[in-house]
Amino acid sequence: MAERVIKDDQPRVYFDCNKCPAFCCSIYERVCVTKRDINRLAKHFGVTPAEAERRYTADYDGERVLKRVRDVIFERTCTFLDQKTRGCTIYHARPEVCRSYPNRSRCAYYDLLRFERIQQGDESVVPQIKITFHNVEEEVVDNAEGPERIYEWDEKEE
């Protein structure tokens with residue numbers, strides 16, 4: 001059998017989901033689902049799409065998202081995460097956003113996990129990450145070298 005050749009344009013995967021505590025399932029406050037995702041869940045569980053939507057999803061500011069539950073490591077996680085094994089219990093029926101994640105050859109959370117475990121000298125360390133989003137105000141100001149964009153992340157007083 002011929003040896004496998006990896007060409008430069010082929011993506012290489014530099015993460016192992018089996019060694020991760022499921023950051024992607026836990027630190028995001030929502031996992032959006034489409035009608036196709038709901039139909040996949042319905043088929044997986046042998047229920048109607050309407051029943052799958054009612055049982056497994058919730059409304060989040062007008063978006064249809066997977067339900068979340070309390071987690072043993074993080075604050076909350078996807079309802080379909082096995083909290084003991086940290087694996088997906090609906091892997092073959094998971095939503096498209098989960099199928100495509102991280103959509104590149106590296107996962108920043110896995111890189112952070114490896115970095116912290118090396119720094120701490122402890123393979124059981126799990127850094128606590130919380131993603132927060134802020135509105136960014138952009139302002140263009142003139143200075144001696146021409147216009148410059150200034151970004152303001154802090155909340156402005158009203």
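## A loop residue and the model

D61 sits in the loop between β1 and β2. Its phi is near 50°, a positive value in a residue other than glycine. With a relative accessible area of 72%, D61 is exposed, because the cut-off for exposed is over 50%. The model described here is predicted.

A22 also has a positive phi in a residue other than glycine, near 75°. A22 lies in the segment before α1. At 5% relative accessibility, A22 counts as buried, since buried means under 20%. Most residues other than glycine have a negative phi, and most peptide bonds are trans.

## Overall layout

The chain has 158 residues, and 25% of them count as buried. It holds five helices and eight strands. In sequence order the pattern runs α-α-α-β-β-β-β-β-β-α-α-β-β. The pattern thus opens with three helices in a row and closes with two strands.

Contacts reach across the chain. Take those between residues at least 6 apart in sequence: 50% join residues at least 24 apart. D16 and C107 give an example of distance in sequence set against distance in space. They are 91 residues apart in sequence, yet 9.0 Å apart in space, C-alpha to C-alpha. D16 lies in the segment before α1. At 25% relative accessibility, D16 counts as partly exposed.

## Helix α2 and its partners

Which residues of α2 are buried? They are D37, I38, R40, L41 and A42. The list includes one Asp and one Arg, D37 and R40. An α-helix has 3.6 residues a turn, so residues three or four places apart point the same way.

The buried residues of α2 pack against two helices, α3 (49–56) and α4. They also pack against two strands, β1 (57–60) and β2 (63–66). Just after α2, G46 takes a positive phi of about 70°.

## The cis bond and the Y28–Y101 pair

A cis peptide bond joins Y101 and P102, with omega at about 0°. P102 is placed in the loop between α4 and α5.

Y101 also takes part in ring contacts. The structure holds seven aromatic pairs. In one of them, the ring centres of Y28 and Y101 are 6.4 Å apart and their planes meet at 75°, so the pair is edge-to-face. This pair links distant parts of the chain, 73 residues apart. Y28 is in the loop between α1 and α2 (35–45), and Y101 is in the loop between α4 and α5. Both rings belong to residues that are partly exposed: Y28 has 25% relative accessibility, and Y101 has a relative accessible area of 30%.

## Aromatic cluster and charges over rings

Y28 and Y101 are part of one aromatic cluster, together with F23, F74 and Y109.

Two arginines lie over tyrosine faces. R94 is over the face of Y91, at 3.7 Å from the ring centre. R106 is over the face of Y14, at 4.9 Å from the ring centre.

## The largest pocket

Rolling a probe the size of a water molecule over the atoms shows where empty space is left. The largest pocket holds about 860 Å³ of space. How many residues line the largest pocket, and which lie nearest its centre? The lining has 36 residues, and those nearest the centre are C17, C24, C25, C98 and Y101. Four of these five are cysteines. Y101 therefore ties several topics together: it lines this pocket, it precedes P102 at the cis bond, and its ring pairs edge-to-face with that of Y28.

Four helices and strands each supply at least two lining residues: α1 (23–26), β6 (87–88), α4 (96–100) and α5 (108–120). By class, the lining has 28 nonpolar, two polar and six charged residues.

## The second largest pocket

The second largest pocket has a volume of about 310 Å³. It is lined by 14 residues, and the closest to its centre are S26, I27, R68, E75 and K130. Three of these five carry charged side chains by class: R68, E75 and K130.

The whole lining has six nonpolar, three polar and five charged residues. For comparison, the lining of the largest pocket counts 28 nonpolar and six charged residues.

Key: Residues numbered from 1 in each chain as written. Predicted model: local features only at pLDDT ≥ 70, side-chain atom pairs only at ≥ 80, totals over all residues. Heavy atoms only, no water. 1 Å grid on protein atoms, 1.4 Å probe; cavity = no way out; pocket = protein on both sides within 12 Å on 5 of 7 lines; lining within 4 Å. Points joined across faces, edges and corners; volume = space filled by probe spheres on them. Phe/Tyr/Trp six-rings, centres within 6.5 Å; stacked < 30°, edge-to-face > 60°. Buried < 20%, exposed > 50% of the residue type's maximum accessible area, 1.4 Å probe, protein only. Lys NZ or Arg CZ within 6 Å of the ring centre and 35° of its normal. Contact = heavy atoms within 4.5 Å.
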